[in-house]
Amino acid sequence: MANNQSIRRHLDAFTLGRIIGKLEEGRSGTRTAIRGFSRGRPRGTTPADDQYIVLQARRNRRQTAGEIARHTTQATERPISRLTVARRLHGGGLFARRPVRCVPLTPSHRRRRSLWCREHRNWRDNEWGRVLFTDESRFSLSSDSHHILIWRERESRNHPSNIIERNRHGGRGVLVWGGIMLGSRTDLYIFDAGSVIGARYCNEILLPYVRLFRGAMGLQFLFMDDNAPCHRTVASEQLLQSEDIERMDWPARSPDLNPIAHVWDFLGRPLAARTLPPVTIRELRLALQDEWAAMPQQLIDTLILSMGRRCETCLAVRRDHIPY
């Protein structure tokens with residue numbers, strides 16, 4: 001009798017377990033069926049529409065997502081929103097970014113760049129180490145207000161289709177001059193108001209700064225400046241000859257080959273990141289002097305030692321703008 005009651009209890013537990021299992025399976029199946037039935041909002045564009053959207057952005061990279069949406073709506077006769085266009089462009093690998101701004105290059109400029117890079121592509125570090133790279137740059141109190149965006153792929157910042165060429169123009173600010181070389185740099189010189197003509201360049205730059213480095217380094221010293229009009233006056237040429245200063249031949253319109261161009265970028269970043277940015281010319285001058293003195297020499301040396309790669313890259317992109 002006791003054995004029959006024990007068997008009955010085991011059977012009841014077994015049956016109850018099977019019933020509970022069936023119920024759980026039913027609930028899970030219901031959830032799976034619900035998930036399978038609900039597929040979300042249907043896509044508002046077809047694969048052909050998606051290709052058309054990406055193609056429009058690549059043909060005219062300055063179009064906004066709203067303009068592309070209007071064109072696509074007219075072509076398909078179906079309403080397509082700006083947000084949909086942006087999602088399709090992101091899916092196609094295109095993202096809104098500011099275009100790179102470079103000076104225009106003529107065929108003559110490109111040929112000269114190519115010849116220069118071929119001549120210097122195999123220079124060793126000690127050869128680059130004897131060059132004093134110099135340049136001027138303007139720093140403004142106001143930031144760039146041109147908020148033009150283009151659609152481009154990742155890692156394509158310096159592709160020709162993603163570059164806007166324009167001549168540089170000044171604003172309310174200061175013009176500075178500096179020189180860099182392996183293991184050293186000049187002081188940062190800030191010009192007073194007025195145009196920098198040949199006489200000022202000789203008296204304020206060549207005599208007090210370049211001649212000093214020439215005296216310290218001797219005959220191996222090589223002076224680099226670009227082809228700005230004030231650099232190529234008869235007075236400056238005569239002064240360099242009288243001081244026995246060898247000037248490096250430099251291709252016109254090639255700031256991307258000059259490592260000091262990146263120094264200006266690194267000089268401007270901490271200014272823009274300051275909690276209280278300079279609001280007067282005097283504050284701007286003091287801030288520039290402080291940031292120039294605080295710049296690590298290792299950064300400058302790394303930029304100079306990149307010259308060989310710059311030459312190779314310029315030749316690889318067929319004398320076009322390089323991502324430096």
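Thr 72 counts as buried in this predicted model, because its relative accessibility is 0%, and its place is in helix H3. Leaving out residues up to four places away in sequence, Thr 72 touches Tyr 52, Ile 53 and Gln 56, as well as Glu 77 and Ile 80.

The helix that carries Thr 72 also takes part in a helix pair. Two packed helices are described by the angle between their axes and the distance between the axes. For helix H3, residues 65–76, and helix H4, residues 82–91, the axes come within 8 Å and cross at roughly 100 degrees. An angle of 65 to 115 degrees counts as roughly perpendicular, and H3 is therefore roughly perpendicular to H4. On the H3 side the contact is made by Ala 65, Gly 66, Ile 68 and Ala 69, and on the H4 side by Arg 82, Val 85 and Leu 89. Sorted by class, the residues in this contact of H3 with H4 are five nonpolar, one polar and one charged.

These two helices belong to a protein whose secondary structure comes to twelve helices and ten strands. Of its 324 residues, 38% count as buried. Among the contacts in the protein with a separation of 6 or more, 76% are accounted for by residues that are 24 or more positions apart.

Helix H9, residues 260–273, can be followed first by its length and then by its surroundings. Its 14 residues should span 20 Å at 1.5 Å a residue, and the end C-alpha atoms of H9 are 21 Å apart, which agrees with that expectation. The buried residues of H9 are Ile 260, Val 263, Trp 264, Leu 267 and Leu 271. Because these residues cover an arc of only 100 degrees around the axis, they are placed on the same side of H9. On the other side of the helix, Ala 272 and Ala 273 are exposed. The partners against which the buried residues of H9 pack are strand S3, strand S6 (173–181), helix H10 (281–294) and helix H11.

Helix H10, one of those partners, contains Arg 285. With a relative accessible area of 28%, Arg 285 is partly exposed, and, apart from neighbours within four places in sequence, this arginine is in contact with Val 174, Ile 190, Phe 191 and Asp 192. The pairing with Val 174 joins distant parts of the sequence, as Arg 285 and Val 174 are 111 residues apart along the chain while their C-alpha atoms are 7.5 Å apart in space.

Helix H12, residues 307–316, has a buried set of its own, made up of Met 307, Gly 308, Arg 310, Cys 311, Cys 314 and Leu 315. Seen down the axis of H12, the buried residues fall within an arc of 160 degrees, so they line one face of the helix. They pack against helix H5 (107–120), helix H6 (125–128), strand S3 (131–140), helix H9 and helix H11 (297–304). Strand S3 and helix H11 are also among the elements against which the buried residues of H9 pack.

Arg 309 lies in H12 as well, but this residue is partly exposed, with a relative accessible area of 48%. In sequence Arg 309 and Cys 117 are 192 residues apart, whereas in space they are 9.9 Å apart, C-alpha to C-alpha.

The backbone deserves a separate look. Most residues other than glycine have a negative phi, and most peptide bonds are trans. Just after H12, however, Arg 318 takes a positive phi of about 60 degrees. Asp 244, although not a glycine, has a positive phi of about 55 degrees, and lies in the loop between helix H8 (234–242) and strand S10 (246–247). Because its relative accessibility is 47%, Asp 244 counts as partly exposed. Arg 253 is likewise not a glycine and has a positive phi of about 55 degrees; its place is in the loop between S10 and H9. Arg 253 counts as partly exposed too, at 35% relative accessibility.

Definitions and conventions
Residues numbered from 1 in each chain as written. Predicted model: local features only at pLDDT ≥ 70, side-chain atom pairs only at ≥ 80, totals over all residues. Heavy atoms only, no water. Axes fitted to C-alpha atoms, helices over the stretch in contact; angles between N-to-C directions. Helix = DSSP H or I, 4+ residues; strand = E, 2+ residues; numbered from the N terminus. Parallel < 35°, antiparallel > 145°, perpendicular 65-115°, else oblique. Contact = heavy atoms within 4.5 Å. Nonpolar A, V, L, I, M, F, W, Y, C, P; charged D, E, K, R; others polar. Buried < 20%, exposed > 50% of the residue type's maximum accessible area, 1.4 Å probe, protein only. Arc of directions from axis to C-beta. Expected span 1.5 Å × (residues − 1).
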